[in-house]
Amino acid sequence: MKTKDHLAQIAATLGEIAISLKALAPSAELSIPVLGEADAYHWDGDAAVLTAVPRVSRVPLGMLKGIDAVQDILLRNTEQFARGHGANNALLWGARGMGKSSLVKAIHGDIVERRAEGFQRLVLIEIAREDLDTLPALMRRIGNEDARFIIFCDDLSFDTGETSYKSLKTILDGGLEGRPENVLFYATSNRRHLMPRDMIENERSTAINPGEAVEEKVSLSDRFGLWLGFHNCDQPTFLAMVRAYADHYGLDIDDETLRARAIEWSATRGARSGRVAIQLVRTLAGELGKAI
């Protein structure tokens with residue numbers, strides 16, 4: 001083989017190798033998620049990808065009972081935000097099963113359905129607590145999008161040794177970049193201050209300046225403009241919840257029977273809440289041969 005032919009063959013082979021390597025290499029465009037048509041997404045912090053959620057698991061806003069006061073406050077705050085007006089980050093804290101996360105999803109769905117009333121596009125993004133360190137990257141990704149965003153973290157709390165709360169503090173207030181004007185942060189928690197008492201007390205006892213150490217932990221809650229408390233409900237409210245769910249799902253059951261089953265159910269569970277109510281209604285639907 002002549003030298004010229006040999007060199008040409010080597011060049012051709014190298015060209016094929018380059019094409020193959022280029023095809024295998026991750027595309028820069030693929031790493032930047034494009035906002036699609038969905039109104040809800042899940043943020044994967046490790047992959048830095050927004051995954052569309054075609055169908056959000058939620059109930060209609062009118063089905064939520066016993067939380068009228070906090071519902072009105074959060075709805076008004078979210079409506080203001082969806083219109084491009086001033087609004088606050090919100091922390092929904094309190095009793096388990098009383099509708100904290102359900103309220104956030106229901107309000108988002110309600111505003112999406114009423115977009116013709118002058119609301120801008122409102123997108124709900126769910127972020128896991130474990131991905132809070134990637135919040136700055138998510139903020140940069142969506143800050144210039146033509147939409148309003150609620151970043152939602154369910155069951156937010158921090159345990160001893162965790163430091164990701166510092167990333168959240170910076171985003172909520174005080175960071176150099178700050179929070180984009182088209183983004184709000186909503187979180188639910190069973191703890192008002194997001195930290196267990198023993199963690200705060202440990203910081204107090206071991207710090208050089210105990211007061212400053214405790215303030216560092218507690219001040220995270222202060223970054224939320226709205227603190228909305230959810231408390232255990234009384235029996236009449238619980239019965240109203242059960243009736244509302246039963247009516248929504250079309251269960252043919254009379255008031256007296258439903259009341260007796262609800263009281264018995266709450267007694268055996270040792271609790272009254274929206275979660276306990278829907279669990280009862282699922283059981284009743286099964287007994288009546290209905291899927292809900």
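Here are a few worked exercises on this predicted model.

**Exercise 1. Work out the strand order of the open sheet and find which strands stand at the edges.**

Start with the order: seven strands line up as S2-S1-S4-S5-S6-S3-S7, and the pairing is mixed. Now look at the ends of that list. Strand S2 (49-52) and strand S7 (226-230) each have a single partner strand, so one side of each is left without a neighbour in the sheet. For the twist, ignore direction: on average, neighbouring strands are turned by 25 degrees against each other.

**Exercise 2. Describe how S3 and S7 are joined, and name the bridge partner of Leu92.**

First, get the direction: strand S3 (residues 90-94) and S7 run parallel. Next, the bridges, and there are five of them between the two strands. Finally, pick out Leu92 and step across to S7, where you land on Leu228 as its bridge partner.

**Exercise 3. Find which strands helix H3 lies across and which ones helix H4 touches.**

Take H3 (residues 100-113) to begin with. This helix lies across S3, strand S4 (122-127), strand S5 (148-153), strand S6 (183-189) and S7, and runs at about 155 degrees to S4. Then move on to H4 (residues 135-142), which packs on the sheet and touches strand S1 (40-44), S2, S4, S5 and S6. The direction of H4 makes about 160 degrees with that of S5.

**Exercise 4. Classify the ring pair of Phe185 and Phe224, and say whether each residue is buried or exposed.**

The count of aromatic pairs comes to one. Check the geometry: the ring centres of Phe185 and Phe224 are 6.1 Å apart and the planes make 50 degrees, so the pair is tilted. Next, place the residues. Phe185 sits in strand S6 and Phe224 in the loop between helix H7 (210-222) and S7, so the pair ties together parts 39 residues apart in sequence. Last, accessibility: with a cut-off of under 20% for buried, Phe185 at 0% is buried, and Phe224 at 3% is buried too.

While you're looking at rings, check Phe81: the charged end of Arg148 sits over its ring, 4.4 Å from the centre.

**Exercise 5. Trace the salt bridges of Arg114 to Glu79 and Glu117, then name the members of the network.**

The model has nine salt bridges by count. Go to Glu79 and Arg114, whose closest N and O atoms are 2.6 Å apart. This pair links distant parts of the chain, with Glu79 in helix H2 (residues 68-82) and Arg114 in the loop between H3 and S4, 35 residues apart. Glu79 is buried at 17% relative accessible area, and Arg114 is buried at 19%.

Now follow Arg114 onwards to Glu117, where the closest N and O atoms are 2.8 Å apart. Glu117, at 45% relative accessibility, is partly exposed.

Before closing the network, take a side trip to Asp255 and Arg243, another salt bridge, with closest N and O atoms 2.4 Å apart. Asp255 belongs to helix H9 (residues 255-269) and Arg243 to helix H8 (residues 235-248), so this pair ties together parts twelve residues apart in sequence. Asp255 is exposed, at 54%.

Back to the network: salt bridges with shared partners join Glu79, Asp110, Arg114 and Glu117 into one.

How values were computed
Residues numbered from 1 in each chain as written. Predicted model: local features only at pLDDT ≥ 70, side-chain atom pairs only at ≥ 80, totals over all residues. Heavy atoms only, no water. Pairing = 2+ DSSP bridges. Helix = DSSP H or I, 4+ residues; strand = E, 2+ residues; numbered from the N terminus. Axes fitted to C-alpha atoms, helices over the stretch in contact; angles between N-to-C directions. Contact = heavy atoms within 4.5 Å. Phe/Tyr/Trp six-rings, centres within 6.5 Å; stacked < 30°, edge-to-face > 60°. Buried < 20%, exposed > 50% of the residue type's maximum accessible area, 1.4 Å probe, protein only. Lys NZ or Arg CZ within 6 Å of the ring centre and 35° of its normal. Salt bridge = Lys/Arg side-chain N within 4 Å of Asp/Glu carboxyl O.
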